[in-house]
Amino acid sequence: MMLSKKQTIEVLDVIANMYPDAECELVHSNPFELVIAVLLSAQCTDVLVNKVTPGLFSKYKQPEDYLAVPIEELEQDIRSIGLFRSKAKNIKKLCQTLIEEYNGEVPKERDELVKLAGVGRKTANVVTSVAFGIPAIAVDTHVERVSKRLAICRWKDSVLQVEETLMKKIPEDRWSDCHHQLIFFGRYHCKAQSPQCETCPLLDDCREGKKRMKARVK
């Protein structure tokens, strides 16, 4: 059984109380830095990205700066991040497109953002929401896992279906906050490997948690 709209809101209220200050943990000071940081964070932790970006952002201030260095140099600058070669290539392409088609500025529209190299729907949603304050729900691994475990969505739903279900069940003015709160809940509490079911205030509402607790008793 999936949670109703009302039950979903009740569950999200509990999560909001647990993480009232949840926000984007990628350090950035403008939309351009955020795009680069989110691109670097694919299949990689925010903590690791935040170790690399201070040096990166003091060296590269605008799209032209990334194009001015050989790709090997950029690769070295982000070497400690997973998939650094393909990410360096995408950063170069993305910067080229920003200069050629958007006067060097990051576009606000999600449909324009997804045209940029290395920017998928999730990245575009993060940027529209965090950089421009446009309500959006970005579905990353944490959001997807938590939504399915709590039966807000179905196990078999695709990432896009998860996003659409969340948008239907959550009032639009809460989309951006809920997105960060679900990430924090998934990152720090309802973890992939060892979720803290025994101390979870949502255990009574969670089919996955009840199943896990039963399995532990055996």
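**Entry 1: Cys190**

I looked up how accessible Cys190 is in this predicted model. Its relative accessible area is 9%. Buried means under 20%, so I recorded Cys190 as buried.

I then asked where Cys190 is found. I located Cys190 in the loop between α11, residues 175-188, and α12, residues 207-217.

Next I listed what Cys190 touches, leaving out residues up to four places away in sequence. I noted contacts with Arg145, Val146, Arg149, Phe185 and Pro195.

**Entry 2: Cys206**

I turned to Cys206 and asked whether it is buried or exposed. The relative accessibility of Cys206 is 10%, so I entered Cys206 as buried.

I placed Cys206 in the loop between α11 and α12. With residues up to four places away in sequence again not counted, I found that Cys206 touches Arg149 and Leu150. Arg149 also appears in my list of contacts for Cys190.

**Entry 3: The UniProt record**

I consulted the UniProt record, an unreviewed entry, to see which residues it lists for "binding site". The record gives Cys190, Cys197, Cys200 and Cys206. I noted that these residues are spread over 17 residues of sequence and yet cluster in space, with a largest C-alpha distance of 11.0 Å. I also checked the lining of the largest cavity, and from this set it takes in Cys190, Cys197, Cys200 and Cys206.

**Entry 4: Aromatic pairs**

I moved on to the aromatic rings. A pair of such rings is described by the distance of the centres and the angle of the planes. How many aromatic pairs does the count give? I recorded four aromatic pairs.

I examined the pair of Phe32 and Tyr66, whose ring centres are 5.8 Å apart. Their planes stand at 75°, so I described the pair as edge-to-face; the cut-off for that term is over 60 degrees. Phe32 belongs to helix α2, residues 31-40, and Tyr66 to helix α4, residues 63-67. The pair therefore ties together parts that are 34 residues apart in sequence. I noted both Phe32 and Tyr66 as buried.

I found that Tyr66 also forms an aromatic pair with Tyr60. Here the centres are 4.3 Å apart and the planes differ by 10°, and I entered the pair as stacked. Tyr60 is buried, as is Tyr66.

**Entry 5: A ring cluster**

Lastly, I asked which residues ring pairs link into a cluster. I wrote down Tyr19, Phe184 and Tyr188.

Key:
Residues are numbered from 1 along each chain as its sequence is written. This is a predicted model: local features need pLDDT of at least 70, side-chain atom pairs count only at pLDDT 80 or more; totals for chains, interfaces and linings use all residues. Side-chain values use heavy atoms; hydrogens and water are left out. Rings of Phe, Tyr and Trp (its six-membered ring) pair if their centres lie within 6.5 Å; planes under 30 degrees apart count as stacked, over 60 as edge-to-face and the rest as tilted. Helices (H or I, at least four residues) and strands (E, at least two) are DSSP runs, numbered from the N terminus. Buried means under 20% relative accessible area, exposed over 50%, partly exposed in between (1.4 Å probe, protein chains only). UniProt positions are given in the numbering used here, feature names are shortened, and annotations may be inferred rather than shown by experiment. On a 1 Å grid over the protein atoms alone, a cavity is a set of points where a 1.4 Å probe fits but cannot get out, and a pocket is an open set with protein on both sides within 12 Å along at least five of seven lines; lining residues have an atom within 4 Å of a point. Contact means heavy atoms within 4.5 Å.
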